[in-house]
Amino acid sequence: MQIIQRKKQSETDLVIIQPTTKTRAKTFDLVLTAILSTLVLVSTVFINIKLPIGQGGLIHLGTGALFIVAILFGPKKGALAGAIGMGLFDIFGGWIIWAPTTIVARALQGYIVGKIAWSNGHRGDSVRLNILAAVASTPGMLAVYYIGQGIMYNNWVAPLASIPGDLIQSAVGLLIAIPLCLALKKTPFFQKKF
């Protein structure tokens, strides 16, 4: 809702529209989500290694970015950034058949990480919870990819070959995310409670 103030100036009315705090908060939230999604996308695009095993697996830094976003900003931002960032990578990177599975898998993973990291009044400030969050999110991501791949290829054995690569990807993401989150939590931006 916008506040409209009218001021009389000679014979004409001047209408000044001022955005409310709620409008600014929504705009900030939208811009932040776009930036975080782009961070995940860029992290996925610039360093990725196609695995020689499995059906379409990659090792990339996008999982690390997803963990960082979910730990620092919570479950909603983690889910959106993971789904949008990695989903766009699949769509524009030549992996379009994987996009629906990736969107579901990474939204779930980002949500789980954020939910655990932000549980019991924590806001991603417990290293123990952050590690637990990343580890606990991996089986959900694996299950979604396994089911998606099984449906895509009408084969329930072949998807097993992709599991080692997905595990390596999560481990690399964890090793990158935890130290970076520790460093970022010390910056003035994260010292404020927003």
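**Figure 1. Pro100, a proline in helix α4.** Let's start with one residue of this predicted model. Pro100 sits in α4, and its relative accessible area is 52%, so it is exposed, given that exposed means over 50%. Now look for Gly87. Along the sequence, Pro100 and Gly87 are 13 residues apart, while in space their C-alpha atoms are 7.4 Å apart.

**Figure 2. Thr102, a buried residue of α4.** Stay in helix α4, where you'll also find Thr102. Is Thr102 buried or exposed? With a relative accessible area of 4%, Thr102 falls under the 20% cut-off, so it is buried. And which residues does it touch, leaving aside those up to four places away in sequence? Thr102 is in contact with Met86, Gly87, Asp90, Ala107 and Tyr145. Gly87 may ring a bell: it is the residue whose C-alpha lies 7.4 Å from that of Pro100.

**Figure 3. Ile97, in the loop between α3 and α4.** Here we move to a loop residue. Ile97 is found between helices α3 and α4. Its relative accessible area is 52%, so Ile97 counts as exposed. How many residues apart in sequence are Ile97 and Met152? The answer is 55, with 8.4 Å between their C-alpha atoms in space.

**Figure 4. Helices α1 and α3 crossing.** Two packed helices are described by the angle between their axes and the distance between the axes. For α1 (residues 21-46) and α3 (residues 75-92), the axes come within 8 Å and cross at roughly 45 degrees. That angle lies outside the ranges for roughly parallel, antiparallel and perpendicular, so α1 and α3 are oblique to each other. The crossing of α1 past α3 is right-handed.

**Figure 5. Side by side: the contact of α1 with α3.** Zoom in on the residues that meet here. From α1 they include Leu32, Leu36, Val40 and Leu41. Across from them, α3 brings residues including Leu80, Ile84, Met86 and Phe89. What kinds of residues make up this contact? They divide into 11 nonpolar, 5 polar and 3 charged. Among the residues of the contact are also Asp29 in α1 and Lys76 and Lys77 in α3.

**Figure 6. Asn120 and its positive phi.** Most residues other than glycine have a negative phi. Asn120 goes the other way: its phi is near 50 degrees, a positive value, and it isn't a glycine. You'll find Asn120 in the loop between α4 (99-117) and α5 (127-153). Its relative accessibility is 74%, so Asn120 counts as exposed.

**Figure 7. Asn154, with a positive phi of about 50 degrees.** Here's another residue that has a positive phi although it is not a glycine. Where is Asn154? It's in the loop between α5 and α6 (163-185). Asn154 has a relative accessibility of 68%, so it is exposed.

**Figure 8. Stepping back to the protein chain.** To place those close-ups, take in the chain as a whole. Its secondary structure comes to 7 helices and 4 strands, and from the N terminus on the elements run β-β-α-β-β-α-α-α-α-α-α. The chain has 194 residues, and 41% of them count as buried. Its accessible surface is about 10,800 Å², with 70% belonging to carbon and sulfur atoms. Of the contacts with a separation of 6 or more, 63% are between residues 24 or more positions apart.

Key: Residues numbered from 1 in each chain as written. Predicted model: local features only at pLDDT ≥ 70, side-chain atom pairs only at ≥ 80, totals over all residues. Heavy atoms only, no water. Helix = DSSP H or I, 4+ residues; strand = E, 2+ residues; numbered from the N terminus. Buried < 20%, exposed > 50% of the residue type's maximum accessible area, 1.4 Å probe, protein only. Axes fitted to C-alpha atoms, helices over the stretch in contact; angles between N-to-C directions. Parallel < 35°, antiparallel > 145°, perpendicular 65-115°, else oblique. Left-handed = near helix turned anticlockwise from the far one by under 90°. Contact = heavy atoms within 4.5 Å. Nonpolar A, V, L, I, M, F, W, Y, C, P; charged D, E, K, R; others polar. Areas by Shrake-Rupley, 256 points an atom, 1.4 Å probe, with all protein chains shown as cover.
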